[in-house]
Amino acid sequence: MEERDWLILKTLYEQKNITKTAKILYISQPTLTARIKQIEESLGTKLLYRGNKGITFTETGEYTVKFAEKILGELQDFRETITNMQEDVAGILRIAAPSILARYFLPKLLGKFQDMYPKAKFDVQVAQSSDVISLTGALNVHFGFVRNKFDWPEYERILLATNYVCAVAAKPFVLSDLPHMVRVDYYTDQYYQNLLDKWWYEIFEEPPIIGTRVSNLDLCKEMVFNGLGYGLLPSILIEEYPQLHSVPLVHKDGSRVKRNTWLIYKKELLDLKLPKVFLEFVIDSDFDSFQRNH
């Protein structure tokens with residue numbers, strides 16, 4: 001079997017769907033289906049079944065997927081070790097970040113880094129902060145950008161920036177108006193949701209009036225911009241919309257509701273040249289300067 005075959009099995013197991021797997025791997029569905037059949041014939045066993053609810057793996061299929069993950073992990077380690085033995089700073093830097101950081105900061109940051117090290121390439125995964133923590137802890141990525149530190153060890157994290165949370169609307173208002181205004185709400189990670197809920201019930205007794213619920217921060221911002229209600233949004237998201245009216249959220253003690261941006265990593269990966277150089281680059285840079293509307 002070839003490396004591509006192991007990747008097919010791993011991706012199929014993650015997606016449980018032929019169409020999605022074919023799209024991710026940039027191959028046609030007929031080609032993927034034919035290759036799966038060839039893999040099963042070469043192993044002499046049935047690995048999976050296709051049903052109305054998607055892909056189901058057999059017992060031997062489950063075992064084969066675990067072996068595939070091991071093989072792919074060892075190949076990745078091998079390539080990184082070989083790359084690290086070369087004099088040039090080269091290879092693939094694997095990063096995970098929430099969507100707001102991936103969209104507003106990483107393009108300029110990675111572009112500047114590649115200007116300095118043209119042989120560097122990037123594999124960026126967009127995920128909620130809790131998932132970024134898991135990916136980084138499992139060494140599936142070199143670095144994770146997160147909007148809260150969780151319980152990550154102090155010696156393996158760097159504070160990059162501090163931003164604030166604001167109430168935002170298309171028309172002027174004050175914070176005391178919020179319980180009587182319609183909110184555009186959005187799905188987010190549990191940590192951030194708890195932060196917003198804790199602030200709300202610290203200040204107000206009645207629950208918020210939810211008029212619209214959307215899938216992400218960016219869509220919430222657009223809904224607010226078009227007058228569908230107010231939103232509780234990070235300050236970095238609204239700087240490109242000066243026509244919107246924003247009021248920082250404050251606690252009863254007068255302090256602002258803030259969110260920190262951290263870079264997290266595992267120190268054992270700093271034995272590799274590319275991650276080590278990238279960490280030095282980030283430490284020496286002004287992270288806020290990479291925001292896309294600057």
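This section describes the fold, nonpolar cores, pockets and selected residues of a predicted model.

The protein contains eleven helices and eleven strands. Along the principal axes, its C-alpha atoms fill a box of roughly 70 × 50 × 30 Å. Of the 294 residues in the protein, 44% are buried. When contacts between residues at least 6 apart in sequence are considered, 73% of them join residues at least 24 apart.

In soluble globular proteins, nonpolar side chains tend to be buried together. In the present model the largest nonpolar core comprises 59 residues, and the members that touch the most others are Phe145, Leu178, Leu249 and Phe278. The most is given to this core by strand S6 (residues 157-169), which supplies eight residues. A second core, of twelve residues, lies apart from the largest one and has Leu12, Ile18, Ile36 and Leu48 among its members. With neighbours within four places in sequence left aside, phenylalanine 278 of the largest core is in contact with Leu93, Ile95, Leu109, Leu110, Phe113, Phe143 and Phe145. Phe145 thus appears both as a contact of phenylalanine 278 and among the core members that touch the most others.

The largest pocket encloses about 1200 Å³ of space. Its lining is made up of 35 residues, and Leu72, Gln76, Arg94, Asp123 and Asn140 are the closest to the pocket centre. Two or more lining residues come from each of helix H1 (3-15), helix H2 (18-25), helix H4 (59-84), strand S3 (91-97), strand S4 (120-126) and helix H11 (273-283). The most is contributed by H4, with ten residues. Sorted by class, the lining of the largest pocket holds 13 nonpolar, ten polar and twelve charged residues.

The second largest pocket has a volume of about 260 Å³. It is lined by 17 residues, and those nearest its centre are Pro98, Ser99, Gln128, Thr188 and Leu217. The lining of this second pocket consists of eight nonpolar, six polar and three charged residues. Thr188 is also one of the residues in contact with glutamine 193, the other being Tyr186, when neighbours within four places in sequence are left aside. Glutamine 193 belongs to helix H8 (residues 190-203). Although its side chain is classed as polar, glutamine 193 has a relative accessible area of 16% and is therefore buried, the limit for that class being under 20%.

Isoleucine 55 is located in strand S2 (residues 54-57). This residue counts as buried because its relative accessibility is 8%. Outside the four nearest places in sequence on either side, isoleucine 55 touches Leu12, Lys16, Asn17, Ile18, Leu48, Tyr49 and Arg50. Of these, Leu12, Ile18 and Leu48 are named members of the twelve-residue core. Isoleucine 55 and tyrosine 13 are separated by 42 residues in sequence, while their C-alpha atoms are 7.8 Å apart in space.

Lysine 16, one of the residues touched by isoleucine 55, lies in the loop between H1 and H2. Lysine 16 is not a glycine, yet it has a positive phi of about 55 degrees. With a relative accessible area of 32%, lysine 16 is partly exposed. A positive phi, of about 60 degrees, is also found at tyrosine 26, likewise not a glycine. Tyrosine 26 sits in the loop between H2 and helix H3 (29-43). Its relative accessibility is 76%, so tyrosine 26 counts as exposed.

A disulfide is a covalent bond between the sulfur atoms of two cysteines. A search of the whole structure returned zero disulfides. For cysteine 166, the nearest cysteine sulfur is that of cysteine 220, at 13 Å. Conversely, the cysteine sulfur nearest to cysteine 220 is that of cysteine 166, and cysteine 220 is likewise in no disulfide. The two sulfur atoms are therefore not paired, as a disulfide requires them to lie within 2.5 Å. Cysteine 166 is buried, at 7% relative accessibility, and cysteine 220 is buried as well, with a relative accessible area of 0%.

Technical notes:
Residues are numbered from 1 along each chain as its sequence is written. This is a predicted model: local features need pLDDT of at least 70, side-chain atom pairs count only at pLDDT 80 or more; totals for chains, interfaces and linings use all residues. Side-chain values use heavy atoms; hydrogens and water are left out. A nonpolar core is a set of buried Ala, Val, Leu, Ile, Met, Phe, Trp, Tyr and Cys residues joined through side-chain atoms within 4.5 Å. Buried means under 20% relative accessible area, exposed over 50%, partly exposed in between (1.4 Å probe, protein chains only). Helices (H or I, at least four residues) and strands (E, at least two) are DSSP runs, numbered from the N terminus. Contact means heavy atoms within 4.5 Å. On a 1 Å grid over the protein atoms alone, a cavity is a set of points where a 1.4 Å probe fits but cannot get out, and a pocket is an open set with protein on both sides within 12 Å along at least five of seven lines; lining residues have an atom within 4 Å of a point. Grid points are joined across faces, edges and corners, and a volume is the space filled by probe spheres set on the points.
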